[in-house]
Amino acid sequence: PYVYNNRGIVLQRFGEIEWEMGRREKAIEYYEAAISSFNKAIELKKDHANACVNKGNTLQRLGEIEWEMGHREKAIEYYGAAISSFDKAIELNKGDAVTYSNRGVALWRLGEIERETGRREKAIKYYKAAISSFDKAIELKNSMIAYVNKGVVLRRLGEIEQERENSDNAVNYYKESVESYNEAIRLNKN
């Protein structure tokens with residue numbers, strides 16, 4: 001199983017290179033091949049948490065590509081699959097802060113898509129779930145990046161409340177956002 005996981009990591013890296021070079025279709029091919037390799041690793045070792053995380057990261061990347069290409073529904077599918085993969089990894093290893101953080105990013109992205117398409121209530125649901133994931137990552141490991149990501153999502157919630165002309169809620173979210181950024185800054189100094 002470890003060979004399949006490692007092969008998947010390399011295929012994922014090829015996908016990243018293709019994506020950076022602007023060759024989206026070729027990137028998608030490599031990412032899909034990486035997912036197949038991670039699936040084989042998971043098939044051979046059901047409790048292979050790392051393969052689940054790597055698969056989730058790759059699915060998340062595919063979601064980003066599809067979103068960038070304007071294929072929102074396909075992006076939503078990939079982000080949903082990424083979250084499922086992260087959930088499986090968390091089930092296998094509840095102490096991995098990075099997996100909670102990655103899960104939070106996928107939920108945040110789903111919120112962004114829903115907000116972009118005018119579905120505010122769904123966006124709010126995903127944003128709040130993302131914050132819960134970032135909070136768990138912070139609880140496990142006082143991570144600067146989790147605080148930054150949490151700050152961004154809190155700001156998004158504030159923006160929605162401001163659009164709704166609910167100033168009190170907007171101010172509260174903005175205050176929490178600043179607190180999260182302040183904590184990230186404090187950690188970055190150490």
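Where is Ser-133 placed? In this predicted model, Ser-133 sits in helix 6. Helix 6 spans residues 120–140. Ser-133 counts as buried, because its relative accessibility is 2% and the cut-off for buried is under 20%. Leaving aside residues up to four places away in sequence, Ser-133 touches Tyr-100, Arg-103, Gly-104 and Leu-107.

Follow Arg-103 from there. Arg-103 forms a salt bridge with Asp-87, and the closest N and O atoms are 2.5 Å apart. The pair links distant parts of the chain: Asp-87 is in helix 4 (residues 72–92) and Arg-103 is in helix 5 (residues 97–116), 16 residues apart. Asp-87 has a relative accessibility of 32%, so Asp-87 counts as partly exposed. Arg-103 thus appears twice, as a contact of Ser-133 and as the salt-bridge partner of Asp-87.

Why can such pairs form? Side chains of opposite charge can pair when their charged atoms come close. How many salt bridges does the structure hold? The structure holds 23 salt bridges.

Another of these salt bridges joins the side chains of Arg-115 and Glu-159, at 2.8 Å from N to O. Arg-115 lies in helix 5 and Glu-159 in helix 7 (residues 144–163), so this pair ties together parts that are 44 residues apart in sequence. Glu-159 counts as partly exposed, because its relative accessibility is 21%. The cut-off for buried is under 20%. Arg-115 and Glu-159 also belong to a network of salt bridges. The other residues linked in that network are Glu-112, Arg-120, Arg-155, Arg-156 and Glu-163.

A salt bridge can also lie within one helix, as with Glu-29 and Lys-26. Their side chains meet at 3.5 Å, N to O. Both residues lie in helix 2, 3 residues apart, about one turn of the helix. Are these two residues buried or partly exposed? Glu-29 is partly exposed, with a relative accessible area of 47%. Lys-26 is partly exposed too, with a relative accessible area of 35%. Glu-29 can also be placed against Glu-18. The two are 11 residues apart in sequence, and their C-alpha atoms are 9.7 Å apart in space.

Now turn to the nonpolar interior. In soluble globular proteins, nonpolar side chains tend to be buried together. Which residues touch the most other members of the largest nonpolar core? That core has 34 residues, and Trp-108, Tyr-127 and Val-153 touch the most other members. Helix 2, helix 3 (49–68), helix 4, helix 5, helix 6 and helix 7 each supply at least two residues of this core. Val-153 gives a local view. Residues up to four places away in sequence are again left out, and Val-153 touches Trp-108, Tyr-127, Ala-130, Ile-131 and Phe-134. Trp-108 and Tyr-127 are therefore contacts of Val-153 as well as fellow members of the core, where buried nonpolar residues are joined. Another core, of 9 residues, lies apart from the largest one. Among its members are Tyr-100, Ala-137, Ala-146 and Tyr-147. Tyr-100 is also one of the residues that Ser-133 touches.

Go back along the chain to Ser-37. Ser-37 is found in helix 2 (residues 24–44). Ser-37 is buried, because its relative accessibility is 0%. A polar contact of 3.0 Å joins the side chains of Ser-37 and Arg-7. Beyond residues up to four places away in sequence, Ser-37 touches Tyr-4, Arg-7, Gly-8 and Leu-11.

Helix 1 covers residues 2–20 and contains Ile-17. Ile-17 has a relative accessibility of 44%, so Ile-17 counts as partly exposed. What kind of surface patch does Ile-17 help to make? The patch is nonpolar, about 370 Å², and Ile-17 makes it together with Val-10, Phe-14 and Met-21.

The last stop is a loop. Glu-165 is found between helix 7 and helix 8 (167–189). Glu-165 counts as exposed, because its relative accessibility is 72%. Its phi is near 65 degrees, a positive value in a residue other than glycine. Most residues other than glycine have a negative phi.

Terms used: Residues are numbered from 1 along each chain as its sequence is written. This is a predicted model: local features need pLDDT of at least 70, side-chain atom pairs count only at pLDDT 80 or more; totals for chains, interfaces and linings use all residues. Side-chain values use heavy atoms; hydrogens and water are left out. Patches are made of residues with over 30% relative accessible area and no salt bridge: like charges are joined within 9 Å, nonpolar side chains (Val, Leu, Ile, Met, Phe, Trp, Tyr) within 5 Å. Accessible areas come from the Shrake-Rupley method with a 1.4 Å probe; for residues, only the protein chains shown count as cover. A salt bridge is a side-chain nitrogen of Lys or Arg within 4 Å of a carboxyl oxygen of Asp or Glu. Helices (H or I, at least four residues) and strands (E, at least two) are DSSP runs, numbered from the N terminus. Buried means under 20% relative accessible area, exposed over 50%, partly exposed in between (1.4 Å probe, protein chains only). A polar contact is a pair of N or O atoms within 3.5 Å; within protein, one must be able to donate a hydrogen and the other to accept it, and residues adjacent in sequence count only if both atoms are side-chain atoms. Contact means heavy atoms within 4.5 Å. A nonpolar core is a set of buried Ala, Val, Leu, Ile, Met, Phe, Trp, Tyr and Cys residues joined through side-chain atoms within 4.5 Å.
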